[in-house]
Amino acid sequence: MVERHPDGEGDPRDRPLKQLVGKTADVLGRTRGLSTVGDLLDWLPRRYLDPARPEAFADLPHGEDVVIVGTVRSARTHQMRNRRGRRLVVDVEDDTGATIQLTFFKPYGHEDRLRPDVRVVCSGQIGEYRGTLQLTHPDYAPIRADATSGTWLLGGLVPVYTATKGLSPIVHGDSLDIVLHALTWLPDPIPAQVRAQLGLPDLLEAYHLVHRPRTEADHRRGRWRLKFQEAFVVQAQLARTRRSADAVPATPRAPRPGGLVDALRDRLPYTLTAGQEEVLADLLADLDRDSPMHRLLQGEVGSGKTVLALLAMLTVVDSGGQAALLAPTEVLAAQHHRSIVDLLGPIAEGGMLGGMEGGTRVALLTGSQGAAERKANLLAAASGEAGIVVGTHALIQDKVSFAELGLVVVDEQHRFGVEQRDALRAKADGAAPHVLVMTATPIPRTVAMTVYGDMTTSTLRELPRGRQPISSHVVPGDRPAWVERTWRRVAEEVEAGGQVYVVCPRIGEPEDPDLPFAHDLGPGAPIPPTADGSADGAGADARLHGVHQVARSLRSLEVTRELVIAELHGRMVAEDKDGIMRAFTEGGIDVLVSTTVIEVGVDVPNATMMIVLDADRFGISQLHQLRGRVGRGGKPGLCLLVTQGEGIDPATLERLEAVAATTDGFELARLDLETRREGDVLGASQSGGRSGLRFLRLSRDEELIVQAHDLAWATVEADPELEQHPDLATELQRLDEERAAFLERG
């Protein structure tokens, strides 16, 4: 049966709030950004009070806004001594016998309403006067059948919302009452058969259960329904995305016996692990189908994802196609190009003297290349001479074309959005290219299903043979002896033949005054880190360590002044960055002072030690990524996380200790998810939906998300065009509109 809307009526959630609640809508719009009926409905209570079991007054937090329920025991007025007028003092008692005073400096109107034995609900900021708890000029409503306001307080739980300046909880509740009473129906994106199967209330009933619950079970049931809807709609969108992508056929790509894949395997200085062989078999099976591959390959830093991607790319080249590798930074793109060329050797010298017969070429495209180099690489890509093209966002530009693009590999997918991925995929004329997405940031199952749900996931958990363990320690920045030992340890590491990264949260300016190291730096005011850590944000705290200052200080420090020290950051031109990285890779630099431009993909086997300054300003996943740059050769790695010093938040210190305690990226990813907001995990450009999740919590709603995934994908499979589910189709369209608006604002 087809679900239908009432004839001629649009979605009531889109109705302007002002039409129903008048001036209250102005306050909600100004302070909360709520402008429609749907906005108000989606602003859920943060907790509930049970009038039958109210919170004990003795437990109320001083200085905070509270909502209380109690019984008036006495009310009296006093003539004020120091000014004209009277003051009304009302004693309200909770069920334990504890008392709180309501004080009104303008008693008119309150005296008649606040009489002994009247039960009231009150809201205001809790204070204390002469040892007595007090609410001054609180908002309140009698809980009685003849009340004209606050009737929603009768016969159920009392919802408590985040306090809004200029809006009393009673007026907020009355506004919700008006809205709920005005609604007679709501379109429901969850199909009726799914609701029946799970015993879910319809959407309108769910909002009633959340905002006007009679019992704990009511609001839990309503919230579960709203969470499920959010998960179901996201999964339906991912299912349609996957189905749409699969609708365009791909050219099957099979390795050629005795071809480039076999040649590379013969050249590899190591054998693939069992896990790598298993994932490679999945990749080759995907490539050999006439529907495009959509696979996410995740694995720890150094688990061997790149060599598997290279074998997949050569498979496509063997079959007459081309592969494009999209990297997030020029440093990483150049590193990929260099390592691929080195690994392939004569295989990458097709048509050249000494090159392998039937070999290919590897081209590099970045935004800062010189005109001649760029023109040559563009031609190599367009003509098909280059079987593999490595680049940054420059690959997406209109001038870049391919002879036959068969595979798109996206490295560090979290740095890109689906728009960029799709723009590169669109460069394949005719058949759809296969797509392989890689990430070294381990992804919890719920995130993988919600962000990358349109992709099949492969995971590399074991590290290649020969990888050495990395030990990590937290160095308190306010302990001079520890910091001094840190820099002495750097010198010792270099003397033993190793190389060292020193990571700073900001670049700084060359003319910035010299700064001592962390033990003399007081904790700065928190600042939001920049997107890539490679430039200073507006209002950046100058007390944070900067690349220029740290490099200058290391060159003057007695224990490190004889070392070869270089700088690397995002403001440098590509040629200089590449030159520095090449020199560091070849062992010509002892200490590389850098921003987080070295976070992903950089592979220097002789780098054995990393110092992260102001480590408390970095997130868990970022610290794990950075740490993965060391211990990649035959020597153990060491990572020292130097904090800012005094005043560090205990939760932040706990986060750093967690990073130091384990190198299990999947465990750290789980912890990271628990400590971050959902909006940080899901961006609109990645999720393909809203800018964030409103109700779901990916860290604890796994069972719900799995259930929503199965039912949503089954729904789309049975009705691809959603002809039988117009409400779901409309909701997906709403998401697309919100997504477009979000991206436009961004």
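Leaving aside its neighbours within four places in sequence, which residues is R374 in contact with? The first view takes that up, and the others move on through this predicted model.

**View 1. R374 and its surroundings.** Here we look at R374, which lies in helix 13 (residues 371-383). Beyond its neighbours within four places in sequence, R374 is in contact with L365, T366, Q369, A394, Q397 and V400. Is R374 buried or exposed? With a relative accessible area of 15%, R374 is buried, because buried means under 20%. A363 is also worth finding in this view: R374 and A363 are eleven residues apart in sequence, and their C-alpha atoms are 9.5 Å apart in space.

**View 2. An open sheet of seven strands.** Reading across this sheet, the strand order is 11-12-10-13-14-9-15, and the pairing is parallel. Strand 11 (361-365) and strand 15 (456-460) stand at the edges with a single partner strand each, so one side of each has no neighbour in the sheet. On average, neighbouring strands here are turned by 20° against each other, direction ignored. Look next at strand 9 (residues 294-299), which runs parallel to strand 15 and is joined to strand 15 by five bridges. In that pairing, L297 stands opposite S458 of strand 15.

**View 3. Helix 12 across its strands.** Helix 12 covers residues 330-344 and lies across strand 10 (322-326), strand 11, strand 12 (386-391) and strand 13 (405-411). How does helix 12 run relative to strand 11? The angle is about 170°.

**View 4. An open sheet of six strands.** This sheet has the order 16-21-20-17-19-18, with parallel pairing. Strand 16 and strand 18 (565-568) are the edge strands, and each pairs on one side only. Neighbouring strands are turned by 15° against each other on average, direction ignored. Strand 20 and strand 21 pair in the parallel sense over five bridges, and L638 in strand 21 is the bridge partner of M609. Helix 18 (residues 574-585) packs on the sheet and touches strand 17, strand 18, strand 19 and strand 20. Its direction makes about 140° with that of strand 18. Helix 19 packs on the sheet too, touching strand 16, strand 17, strand 20 and strand 21. The direction of helix 19 makes about 150° with that of strand 20.

**View 5. Helix 16 and its buried side.** Helix 16 (residues 480-495) has 16 residues, which at 1.5 Å a residue should span 22 Å; its end C-alpha atoms are 23 Å apart, so the two agree. Which residues of helix 16 are buried? They are V483, T486, W487, V490, A491, E493 and V494. Seen down the helix axis, these buried residues fall within an arc of 165°, so they line one face of helix 16. An α-helix has 3.6 residues a turn, so residues three or four places apart point the same way. The buried residues of helix 16 pack against strand 16 (470-475), strand 17 (499-503), helix 17 (547-556), strand 19 (591-594), strand 20 and strand 21 (637-642). On the face turned away from the buried side sit the exposed residues A481 and E495. Just after helix 16 comes G497, with a positive phi of about 105°.

**View 6. Helix 20.** Twelve residues make up helix 20 (residues 650-661). At 1.5 Å a residue they should span 16 Å, and the end C-alpha atoms are 16 Å apart, which agrees. T652, L656, A658, V659 and A660 are buried in this helix.

**View 7. Two aspartates with positive phi.** Most residues other than glycine have a negative phi. D117, however, has a phi near 75°, and its place is in the loop between helix 4 (110-113) and strand 5 (119-129). At 62% relative accessibility, D117 counts as exposed. D614 has a positive phi of about 55° and is found in the loop between strand 20 (607-613) and helix 19 (620-627). At 0% relative accessibility, D614 counts as buried.

**View 8. Where to read with care.** The protein chain has a mean pLDDT of 83, with 85% of its residues reaching 70 or more. Over residues 518-540, though, pLDDT stays under 50, and the model has 51 contacts beyond four places in sequence for this stretch. Residues 679-691 also stay under 50, with 42 such contacts beyond four places in sequence. Where pLDDT is low, the predicted coordinates should not be read in detail.

Notes: Residues are numbered from 1 along each chain as its sequence is written. This is a predicted model: local features need pLDDT of at least 70, side-chain atom pairs count only at pLDDT 80 or more; totals for chains, interfaces and linings use all residues. Side-chain values use heavy atoms; hydrogens and water are left out. Two strands pair if DSSP finds at least two bridges between them. Helices (H or I, at least four residues) and strands (E, at least two) are DSSP runs, numbered from the N terminus. Axes are lines fitted to C-alpha atoms, for helices over the stretch in contact, and angles run from 0 to 180 degrees between N-to-C directions. Contact means heavy atoms within 4.5 Å. pLDDT is the predictor's confidence in each residue, from 0 to 100. The expected span of a helix is 1.5 Å times one less than its number of residues. Buried means under 20% relative accessible area, exposed over 50%, partly exposed in between (1.4 Å probe, protein chains only). The arc is that of the directions from the helix axis to the C-beta atoms.
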